[in-house]
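Trainee: I should like to understand how the terms used for a structure follow from their definitions. May we begin with the surroundings of the ligand?

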Amino acid sequence: MSDQVFIFDTTLRDGEQALAASLSLKEKIQVALALEELRVDVMEVGFPISSPGDFESVQKIASTIKNSTVCGLARSLEKDIDAAYEALKVSDNYRIHCFLATSDIHVKDKLHTDFNHVVEMATKAVKYARNKAGDVEFSCEDAGRTPIDNLCRIVEAVIAAGATTVNIPDTVGYTLPTEYGNIIKSLYDRVPNIDKARISVHTHNDLGMASALAMTAVMNGARQIECTVNGIGERAGNCSLEEVVMAIKTRSRLLDLHTNVECKQIAKTSQLVSQICNMPVPPNKAIVGSNAFSHSSGIHQDGVLKNKDTYEIVTPEQVGFNTNNMNLTARSGRHIIKHRLEAMGYKEDSYNLDDVYTRFKELADIKGQVFDYDLEALLFFSQLTEEPEQFKIEYLTVLSGGKNVLPTASMKLNIGGNIVTDSCVGNGPVDAVYQCIYRLTGYNITLQKYEIKSKGEGKDALGQVDIIANYKGKNFHGMGLTTDIIQSSAAAMIHACNSIYRAELVEQKKNSMQNPASNENK
Ligand code: KIV
Ligand code: ZN
């Protein structure tokens, strides 16, 4: 039997921390559930001490996920480890992940200390965490630039202190694959207790080599890869989950390795993460890009027609992309919708068929034919709006403008059950709508980004609007998807307002827990 490489997904931690706007609790749970279906071994879902929102989402995910280990990040400080433990302890299967920088530049210029102190702090943190968790990972931040003698010393010390996994990150994506592979090999050659822990790798894509680095590391003995869906993450991103998983699968005979990932879930998870994180997948992205399985040149097309293996080392079906010939129209029944969603990798209990079917019928009436990508967008939108909403548009009409006419919007908004109305003028129709929303919600929002794209193909495509709304210094993502771009623009702003409202509730809850007396006095 080949050796297993454990897949540690950090989309919701390293990936999320690089987004323009934080994800809402509901969005994080959606991603976590998709990662569970993808069968990742470990999912790192946040940094509990960093904010009340992160704490709450780690706790909620820890109580929801049953089939993957849920992990929270902590600096090598007792207060961080306490916060991670408090957030994770609801789970039967959790990991505390402590980290501390080990390279000369980080130790001297960032931590202002010396390496002896780093070893002392790291071992203390690991021992402390082991009192709270049977599963403790320690990461030597910037290990790629750490002198090898120091790296061997700290790896030995943290294993002796009880670390069950030791991670060797190339935090800045600096090493070359052979160099990084040699670091892993040296650890196996020189650290006497190395067999007592799993060695993990965590690579960044600054020089475009994150996946190559991870693969060289597993070829030298590492047995956990830390990665993110679509490779999202700090700066140029992290190692892409889909790339390393498919590299291991495609070259399993040579490598004698396997992962437990359910590869047919890859396409669906990639699309979900791209949509929720507002991070488009480049068309030429390996495995999940829209061109990854297209053959353009005549010679290639001829070869593929004769035998697919001539130019295709991975098939679209292997990663869950479907080639479907069934036409979905207003006459299609619920059964066929369920069947299509099943074929696309969506289990029946992960969505509300009634709601998706109602949305499908509405769309089919407008568009005629509904395609898989429309269905996916409807599903995504239906899941997104399942969360209780404080703000709902009851009515919206817009006068677009023209010569001597001011663009004007009139809106009726349901705010927690109360109906309020207003009309506003703006620089254009979208601005008029946004002025109405700002006035009716009372939120003083700065629109940081407004993006419109077509979802689907041709003149029947849906209009997707993504915005970044800044409120009190924090960014919130909003998304709207309808056949009308003004309605999509309004929906995107309302989506952001609902996230702002929920974030304010979390903040208020935290303040009242920290300060119960001052609340009583109010
Ligand atoms: O890149 C890095 O070093 C990290 C650590 C916290 C594991 O993300
Ligand atoms: Zn990282």
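Mentor: In this predicted model, ligand 1 is surrounded by Arg-13, Asp-14, His-97, Phe-99, Ser-139, Glu-141, Asn-167, Pro-169, Thr-171, His-202 and His-204. By class, this shell holds 2 nonpolar, 6 polar and 3 charged residues.

Trainee: What makes the pair between the side chain of Thr-171 and ligand 1 a polar contact?

Mentor: A polar contact requires a pair of N or O atoms within 3.5 Å. A polar side-chain atom of Thr-171 lies 2.6 Å from an oxygen atom of ligand 1, and the pair therefore meets the cut-off. For His-202, an N or O atom of the side chain is 3.1 Å from a ligand oxygen atom, and for His-204 the distance is also 3.1 Å. Taken alone, ligand 1 exposes 260 Å², of which the protein buries 94%.

Trainee: Why is strand E8 described as largely enclosed by the rest of the structure?

Mentor: A residue counts as buried under 20% relative accessible area. In E8, residues 198-203, 5 of the 6 residues are buried, so the strand is largely enclosed.

Trainee: How do you know that E7 and E8 pair?

Mentor: Pairing requires at least two bridges between the strands. E7 and E8 have 6 bridges, in the parallel sense, and they therefore pair. One of the bridges sets Val-166 opposite Ile-199 in E8. The chain passes from E7 through helix H8 (residues 177-190) to E8 in a right-handed β-α-β crossover.

Trainee: What joins E8 to strand E9?

Mentor: The two strands run parallel and are joined by 3 bridges; Val-201 stands opposite Ile-225 in E9.

Key
Residues are numbered from 1 along each chain as its sequence is written. Chains are lettered from A and ligands numbered from 1 in the order in which they are written. This is a predicted model: local features need pLDDT of at least 70, side-chain atom pairs count only at pLDDT 80 or more; totals for chains, interfaces and linings use all residues. Side-chain values use heavy atoms; hydrogens and water are left out. A residue is near a molecule or strand if one of its heavy atoms lies within 4 Å of it. A polar contact is a pair of N or O atoms within 3.5 Å; within protein, one must be able to donate a hydrogen and the other to accept it, and residues adjacent in sequence count only if both atoms are side-chain atoms. Accessible areas come from the Shrake-Rupley method with a 1.4 Å probe; for residues, only the protein chains shown count as cover. Ala, Val, Leu, Ile, Met, Phe, Trp, Tyr, Cys and Pro count as nonpolar, Asp, Glu, Lys and Arg as charged, and the others, Gly among them, as polar. Buried means under 20% relative accessible area, exposed over 50%, partly exposed in between (1.4 Å probe, protein chains only). Helices (H or I, at least four residues) and strands (E, at least two) are DSSP runs, numbered from the N terminus. A crossover is right-handed if, with the strands pointing away from the viewer, the path from the first strand over the helix to the second runs clockwise.
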